[in-house]
Amino acid sequence: MSNSEPVKSEVLLRQLNWRYAVKKFDPSRRISAADWRALEEALVLSPSSWGIQPWMFVVVDDPAVRAQLVSVSWGQRQVVDASHLVVFAIKKGLAVADVDRYLARIADVRGVPPSSLDGFRKVLVAFLEKPGFDVDGWSAKQLYIALGQFMTAAAMLGIDTCPMEGLDPAAYDRILGLAQQGYATYCACPAGYRAADDRSATAKKVRFALGDVVRHV
């Protein structure tokens, strides 16, 4: 693994202060192929509990499909005006087969025998099969970690985003064919560049004071 090259703290805070949920994108501006590749890799690198990655990130490239999504996104034009659109979906009913798929990937990447992961397998299976455990709700929590990573990575590249829960998940699943693949939509995130006349871009960011939300004990 290569050495870390951390950004300066002032750069991090500048970009996080710069970002906001874009209400109007400039449809004429496109994210470069290199930057988009980096954002897709940022999604892949998102952390998840146990590292199990219970998700699918659907990049909607087809303009006709994106046009269909406007009416099931409360009429929000960001889904068509932004350069790119990512739909965040969980793997429904995560189960033993998903554990085995993950462990096979570990064995392949790390070059270890699958049998060496038997203990980890027992722990994961027991976790997922706990009585009354809401596995989809748990997977959704992991999904939002990936959404946050995506938006932060985009901001560091000077790329705008708009996290969206204002949509009809079942309609998204139908239009994108996700249900039959075992996935379920939870949110979406257009990415691109803000329009020059997006009034939200100049509004002051409103946050509680650090001392009101960060507590040292």
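**Figure 1. The protein has nine helices and four strands.** The model shown is predicted. Starting at the N terminus, the elements follow one another as α-α-β-α-α-β-α-α-α-β-α-β-α. The C-alpha trace extends over about 60 × 45 × 35 Å along its principal axes. The protein has 217 residues, and 40% of them count as buried. Its accessible surface is about 12,800 Å², and carbon and sulfur atoms contribute 56% of that area. Among contacts with a separation of 6 or more, 81% are between residues 24 or more positions apart.

**Figure 2. Four strands form an open sheet in the order S1-S2-S4-S3.** The pairing in this sheet is antiparallel. Strand S1 (55-59) and S3 are the edge strands, each pairing on one side only. Helix H8, residues 169-176, packs on the sheet and touches S1, S2 and S4. The direction of H8 makes about 85° with that of S4.

**Figure 3. Strand S2 pairs with S1 and with S4.** S2 covers residues 84-91. Between S1 and S2, which run antiparallel, there are five bridges. Val-58 lies opposite Val-87 of S2 in this pairing. Between S2 and S4, also an antiparallel pair, there are eight bridges. Here the bridge partner of Val-87 is Ala-188 in S4. Val-87 is thus named in both pairings, with Val-58 and with Ala-188. A further position in the view is His-84, which stands opposite Ala-191 in S4. How much of S2 is buried? Seven of its eight residues are, so the strand is largely enclosed by the rest of the structure.

**Figure 4. Strand S4 is mostly covered.** S4 spans residues 183-192, and nine of its 10 residues are buried. In the sheet order, S4 stands between S2 and S3. Two bridges join S4 to strand S3, residues 160-161, and these two strands run antiparallel. Within this pairing, Asp-160 has Gly-192 of S4 as its bridge partner. On the S2 side, the pairs include Val-87 with Ala-188 and His-84 with Ala-191. Helix H8 also touches S4.

**Figure 5. Ile-90 is a buried residue of strand S2.** Why does Ile-90 count as buried? Its relative accessibility is 0%, and buried means under 20%. Apart from residues up to four places away in sequence, Ile-90 touches Pro-54, Trp-55, Asp-136, Ser-139, Ala-140, Leu-143, Gly-182, Tyr-183, Ala-184 and Tyr-186. One of these, Leu-143, is 53 residues from Ile-90 along the chain. The C-alpha atoms of Ile-90 and Leu-143 are separated by 6.8 Å.

**Figure 6. Ser-139 is a residue of helix H7 that is in contact with Ile-90.** Is Ser-139 buried or exposed? Ser-139 is buried, because its relative accessible area is 0%, and the limit for buried is under 20%. With neighbours within four places in sequence left aside, Ser-139 is in contact with Pro-54, Ile-90, Lys-91 and Leu-94. Pro-54 appears among the contacts of Ser-139 and also among those of Ile-90.

**Figure 7. Helix H1 packs against helix H7.** H1 consists of residues 9-18 and H7 of residues 135-156. The two helices pack at an angle of about 110°, and their axes are 9 Å apart. H1 is therefore roughly perpendicular to H7. Which residues make the contact? From H1 they are Val-11, Leu-12, Gln-15, Leu-16 and Trp-18, and from H7 they are Thr-152, Ala-155 and Met-156. Six of the residues in this contact are nonpolar, two are polar and none is charged.

Key:
Residues are numbered from 1 along each chain as its sequence is written. This is a predicted model: local features need pLDDT of at least 70, side-chain atom pairs count only at pLDDT 80 or more; totals for chains, interfaces and linings use all residues. Side-chain values use heavy atoms; hydrogens and water are left out. Buried means under 20% relative accessible area, exposed over 50%, partly exposed in between (1.4 Å probe, protein chains only). Two strands pair if DSSP finds at least two bridges between them. Axes are lines fitted to C-alpha atoms, for helices over the stretch in contact, and angles run from 0 to 180 degrees between N-to-C directions. Angles under 35 degrees count as roughly parallel, over 145 as roughly antiparallel, 65 to 115 as roughly perpendicular and the rest as oblique. Contact means heavy atoms within 4.5 Å. Ala, Val, Leu, Ile, Met, Phe, Trp, Tyr, Cys and Pro count as nonpolar, Asp, Glu, Lys and Arg as charged, and the others, Gly among them, as polar. Accessible areas come from the Shrake-Rupley method with a 1.4 Å probe; for residues, only the protein chains shown count as cover.
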